[in-house]
Amino acid sequence: MTDFAFPGLNLAVTTPFDPDGRVAFDRLEEHLERYIAAGIPGFVLSSGTGLHAYLSREESDELVARGARIIDGRAKVIVQTSALLVEDVVARTRHAADCGADGVMLLPPFFEGPTSDDDVVAFYETASHGGLPIIGYNVPHVVGVAITPDLFRRLAEIPNFVTVKDSSGDLVQQTDLIRTGLPVMNGADPLVPYALYAGAAGLIWGGANFAPKACVAVVKAAEAGDWSKVREFWRALEPAMNLIWQGDYGQSVYAAAEMTGYGAGQPRRPFSPLSADKREVLRAALGGLIESEAQS
């Protein structure tokens, strides 16, 4: 896996919003710099956690252009270029390439789309014309299409298709993908240490927005093969990572990041801020992370 382009932690970074729900481009540099200072080695811009589906094409393009310019080679840059029309995917991917991105993350057709393997392969074959390495996205409970091991093998034959991010949340399904011998990225927050132990090649991690230092420590310990340290660090993260996976994911990540000093405002409509009672449950789950992440 030494040749894999996106190892370790890639942060599905939140998009900053102002109180009126506009993208706060004026806060983007400070926002990204905090994560770079925390040791984040890779970013996903216009990520699902950053509300990709609720950004206009113009907003997403500007976010990518500004974000890549700010990062300026100090970390890997992945861009989500998912769209309903494959022609839009190609255009978004070419824009990401022009901005210097290292790769793109891409859902299969995700709204009442085709479910046959042949159609999914054809979609990614066309998407590969964008010219950047593609990270496929397996989230069957949302999209309705599962990337099985057999489909993964077919996709891996497409030029530029390099890996799949598995957000199924099912460790059995993920280990089935890993056993193909192809690189797999974990995208399910509660599975991080188990996926790393099972041989995941990298992570795309939304929950790391609220605990980047602790998350970097988990990955470094796993890379060193120190699994007792992994478990020690994971004990602090596990309650919150499990909680956010059970519902209100985006709102919970934004609220938790605010509590630990990595706030990006409130998620824009149609999402409302996390309710007061849910915030208290979340605060309890964060526990000592609130203090430890705030420390320099």
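1. Y124 touches L106, L107, P108, I134, G136, Y137, L155, I158 and F161 once residues up to four places away in sequence are set aside, a contact being a pair of heavy atoms within 4.5 Å. This is a predicted model, in which local features need pLDDT of at least 70 and side-chain atom pairs count only at pLDDT 80 or more, while totals for chains, interfaces and linings use all residues. Residues are numbered from 1 along each chain as its sequence is written, and side-chain values use heavy atoms, with hydrogens and water left out.

2. Y124 belongs to helix α4 (residues 117-127), where V120, V121, F123, Y124 and A127 are buried; helices (H or I, at least four residues) and strands (E, at least two) are DSSP runs numbered from the N terminus, and buried means under 20% relative accessible area, exposed over 50% and partly exposed in between, with a 1.4 Å probe and protein chains only. Seen down the axis of α4, these buried residues fall within an arc of 155 degrees, so they line one face of the helix, the arc being that of the directions from the helix axis to the C-beta atoms. The buried residues of α4 pack against α3 (86-98), β4 (103-106), β5 (134-138), α6 and β6.

3. Y124 also appears in the largest nonpolar core, which has 97 residues and in which F43, Y124, W205, F210 and L237 are those with the most contacts. Such a core is a set of buried Ala, Val, Leu, Ile, Met, Phe, Trp, Tyr and Cys residues joined through side-chain atoms within 4.5 Å. The helix that gives the most to this core is α9 (residues 212-223), with seven residues.

4. F43 leads to strand β2 (residues 42-45), which is covered on both faces, with G42 and V44 buried on one side and F43 and L45 buried on the other. As a general point, side chains in a regular strand alternate between the two faces of the sheet. Strand β2 pairs in the parallel sense with strand β1 (residues 8-12) over three bridges, where two strands count as paired if DSSP finds at least two bridges between them, and N10 has G42 as its bridge partner in β2. From β1 the chain crosses through helix α1 (residues 28-37) to β2 in a right-handed β-α-β crossover, a term used if, with the strands pointing away from the viewer, the path from the first strand over the helix to the second runs clockwise.

5. Strand β2 also pairs with strand β3 (residues 76-80), in the parallel sense and over four bridges, and L45 stands opposite V79 in β3. The crossover from β2 through α2 to β3 is a right-handed β-α-β connection.

6. S82 lies in the loop between β3 and α3 and is buried, with a relative accessible area of 3%. Leaving aside neighbours within four places in sequence, S82 is in contact with H52, V89, R92, M105, L106, L107 and F110. The C-alpha atoms of S82 and G199 are separated by 27 Å, the two residues being 117 residues apart along the chain.

7. Some backbone values deserve a check against the model. Most residues other than glycine have a negative phi, and most peptide bonds are trans. L51, which is not a glycine, has a positive phi of about 65 degrees; L51 sits in the loop between β2 and α2 and is buried, at 4% relative accessible area. N160, also a residue other than glycine, has a positive phi near 80 degrees; N160 is found in the loop between α6 (149-155) and β6 (161-166) and is partly exposed, at 32% relative accessible area. The peptide bond from R269 to P270 is cis, with omega near 20 degrees, and P270 lies in the loop between α11 (249-260) and α12 (276-286).

8. The structure holds 13 salt bridges, each being a side-chain nitrogen of Lys or Arg within 4 Å of a carboxyl oxygen of Asp or Glu. One of them joins E62 to R66, with the closest N and O atoms 2.7 Å apart; both residues lie in helix α2 (residues 57-71), four residues apart, about one turn of the helix. E62 is partly exposed at 31% relative accessible area, and R66 is partly exposed at 30%. Another salt bridge links E238 and R231, at 3.5 Å between the closest N and O atoms, with R231 partly exposed at 33% relative accessibility. Salt bridges that share partners join D18, D20 and R22 into one network, and within it D18 and R22 have their closest N and O atoms 3.0 Å apart.
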